[in-house]
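Please open the model in a viewer and keep the selection tool at hand. The tour proceeds by selections, each followed by a description of what is found there.

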Amino acid sequence: MEKYVEINSMGYTLRGMMHVPENRNEKIPFVILFHGFQDDRNEINFVHTELSRRLCEKEIGSVRFDFLGSGESDGCFEDITVSREVQNGLDILDYVDALPFVDSSRIALHGLSLGGCVASMVAGLRKEKVKALSLWCPALDLVYNMREKNLCGQDVSDIEEKGYADVEGLRLSVDFYKDCLRIDPYAMASQFDKRVNLVHGDQDITASCDVSRKLKDMYGDRADLLIVSGAEHRFTSVPYRKARMESALRFLCDELKKG
């Protein structure tokens with residue numbers, strides 16, 4: 001079953017899609033999916049839609065919300081900051097945790113790109129509520145590079161003077177930049193103490209593969225890292241997409257269907 005859902009976060013309505021297996025007889029494991037920068041709940045080439053549907057086939061529920069200022073959710077792109085997306089993530093986690101058909105001991109987070117950064121931070125902040133963490137091309141480096149006024153290779157050195165950066169016709173506010181000066185994603189992510197699965201392409205120039213390598217070193221034996229040779233940030237080939245999808249599915253099924 002797929003159904004439209006809404007929640008309130010910071011006074012804004014977030015809009016999303018929930019996937020729940022049919023004919024369930026007991027509480028189900030659940031995955032929360034976080035999308036990336038300038039994307040929405042369906043993600044690049046609808047890859048999160050596919051992941052949700054394939055999880056549902058394996059009797060794992062999921063939900064995909066558009067973050068504040070993205071997709072169909074309230075707000076505009078200028079409202080976006082990493083900290084606000086983290087708060088969205090915390091509110092989504094609380095919403096899922098309260099659902100009567102969800103097994104609260106088996107909730108995982110999954111994120112792509114900036115959504116991977118957000119997922120890792122939420123997992124660190126709420127480690128007692130998160131069973132497992134799945135990350136595709138996590139873009140923690142976006143925050144640190146933004147401090148140098150570099151946004152995924154784009155020079156945004158005039159962001160303070162103008163009050164915004166022009167990102168493909170969208171206004172990225174100076175608040176986004178100032179927020180990046182204050183937060184430390186690696187410090188937050190390091191608090192998570194359970195299993196992690198990382199997938200990254202070795203040709204990714206949007207989010208450096210070094211991020212996943214650093215996370216693997218940080219999490220140690222609790223983390224698995226798949227480097228897909230030839231893949232860039234969007235994983236735009238059938239073999240690349242298949243490798244990433246199967247890695248996440250295998251991990252999430254193994255972690256959430258134990259016992």
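The stops below run from the sheet to a helix, then to the cysteines and a lysine. The coordinates belong to a predicted model.

**The sheet**

Begin by displaying the strands. Eight of them form an open sheet of mixed pairing, in the order β1-β2-β4-β3-β5-β6-β11-β12. At the edges are β1 (residues 2–9) and β12, each of which pairs on one side only. From one strand to the next, the twist averages 20 degrees.

Next, select helix α2, residues 82–97. This helix lies across β1, β2 (12–19), β3 (28–34), β4 (61–65) and β5 (102–112), and runs at about 120 degrees to β1.

**Strands β11 and β12**

Move now to β11 and β12, which run parallel and are joined by six bridges. Select Leu198 to see the register: Leu225 in β12 stands opposite.

Then select Val196, a residue of strand β11. Is Val196 buried or exposed? Its relative accessibility is 0%, so Val196 counts as buried. Draw a C-alpha to C-alpha distance from Val196 to Ala132: the two are 6.0 Å apart in space, although 64 residues separate them in sequence. Beyond the neighbours within four places in sequence, Val196 is in contact with Leu133, Leu135, Tyr219, Arg222, Ala223, Asp224 and Phe251.

**Helix α8**

One of those contacts, Tyr219, leads to the next selection, helix α8, residues 209–219. Which residues of α8 are buried? They are Cys209, Val211, Ser212, Leu215 and Tyr219. Look down the axis of α8: the buried residues fall within an arc of 155 degrees, so they line one face of the helix. In general, an α-helix has 3.6 residues a turn, so residues three or four places apart point the same way.

To see what this face meets, add α3 (114–125), β6 (132–136), α4 (141–146), α7 (185–189), β11 (195–201) and β12 (223–228) to the view; the buried residues of α8 pack against these elements.

Both ends of α8 merit a selection. At its start, a side-chain oxygen of Ser208 comes to within 3.0 Å of the backbone nitrogen of Asp210. After the helix comes Gly220, which has a positive phi, near 65 degrees.

**The cysteines**

How many disulfides does a search of the whole structure find? The search finds zero. Select Cys180 first: this residue is in no disulfide, and the nearest cysteine sulfur, that of Cys117, is 8.4 Å away. Cys180 is buried, with a relative accessible area of 0%.

Return to Cys209 in α8. This residue too is in no disulfide, the nearest cysteine sulfur being that of Cys137, 8.3 Å away. The relative accessible area of Cys209 is 6%, so this residue is buried.

**Lys149**

For the last stop, select Lys149, in the loop between α4 and β7 (150–151). Lys149 has a relative accessible area of 18% and is buried, the cut-off being under 20%. Where does its side chain make a polar contact? Select Glu160 as well: a polar contact of 2.7 Å joins the side chains of Lys149 and Glu160. Extending the selection beyond neighbours within four places in sequence shows Lys149 in contact with Gln154, Asp155, Val156, Ser157, Glu160 and Tyr177.

Technical notes. Residues are numbered from 1 along each chain as its sequence is written. This is a predicted model: local features need pLDDT of at least 70, side-chain atom pairs count only at pLDDT 80 or more; totals for chains, interfaces and linings use all residues. Side-chain values use heavy atoms; hydrogens and water are left out. Buried means under 20% relative accessible area, exposed over 50%, partly exposed in between (1.4 Å probe, protein chains only). Helices (H or I, at least four residues) and strands (E, at least two) are DSSP runs, numbered from the N terminus. The arc is that of the directions from the helix axis to the C-beta atoms. Contact means heavy atoms within 4.5 Å. A polar contact is a pair of N or O atoms within 3.5 Å; within protein, one must be able to donate a hydrogen and the other to accept it, and residues adjacent in sequence count only if both atoms are side-chain atoms. A disulfide is a pair of cysteine sulfur atoms within 2.5 Å. Two strands pair if DSSP finds at least two bridges between them. Axes are lines fitted to C-alpha atoms, for helices over the stretch in contact, and angles run from 0 to 180 degrees between N-to-C directions.
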